[in-house]
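Q: Please take a close look at the salt bridges of this model. Which residues pair, and how buried or exposed are the partners?

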Amino acid sequence: MDGTQRPWPTELRLAKDKKSLVVTFEGGESFALVAEYLRVTSPSAEVQGHSPSERKTVPGKRNVAILEVQQVGNYAVRLVFDDMHSTGIYSWDYLCELGRAHKRIWQEYVDDLASKNLSRDPPMRH
């Protein structure tokens, strides 16, 4: 794929357990993106802020699930999570980037949690 061709999905499939979304692009690239990863990297202003310094680290989403995948025009999907987060619009470009750079992005997230003494697990209820 050269730099001018935009990633175009040929399939989006939500797993039966609603814990992952498989995205396959023209050219054959395919990524299984787990719900937790998609939730903590949500492109919403709530997570990303309006500048890099405002980006939020979202802890406690290990068990989150995707309730719904809603098409937004012909360029993106909105994911509705079972924690009621639904403001992120995931463009095809962004989903492709999340798949291609998964290892680096996930490691940055895990390191960020550790540096802030946060956990992937939801808080314990007493």
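A: The salt bridges are described below, one pair at a time.

This is a predicted model, in which local features need pLDDT of at least 70 and side-chain atom pairs count only at pLDDT 80 or more, while totals for chains, interfaces and linings use all residues. Residues are numbered from 1 along each chain as its sequence is written, and side-chain values use heavy atoms, with hydrogens and water left out.

The whole structure holds 11 salt bridges (a side-chain nitrogen of Lys or Arg within 4 Å of a carboxyl oxygen of Asp or Glu). One of them links E36 to R120, with the closest N and O atoms 2.6 Å apart. Because E36 belongs to helix 1 (residues 35-40) and R120 to the segment after helix 4 (102-115), this pair ties together parts that are 84 residues apart in sequence. Helices here are DSSP runs of H or I with at least four residues, numbered from the N terminus. E36 is buried at 4% relative accessible area, whereas R120 is partly exposed at 24%; buried means under 20%, exposed over 50%, and partly exposed in between (1.4 Å probe, protein chains only).

Within helix 4, E108 and R104 are 4 residues apart, about one helical turn, and form a salt bridge at 3.2 Å between the closest N and O atoms. E108 is partly exposed at 42%, and R104 is partly exposed at 47%. Salt bridges with shared partners also join R39, E46, K61 and D83 into one network.

A further salt bridge connects the side chains of E11 and R13 at 2.8 Å, N to O. E11 is partly exposed at 33% relative accessibility, and R13 is likewise partly exposed, at 43%.

Conventions
Helix = DSSP H or I, 4+ residues; strand = E, 2+ residues; numbered from the N terminus.
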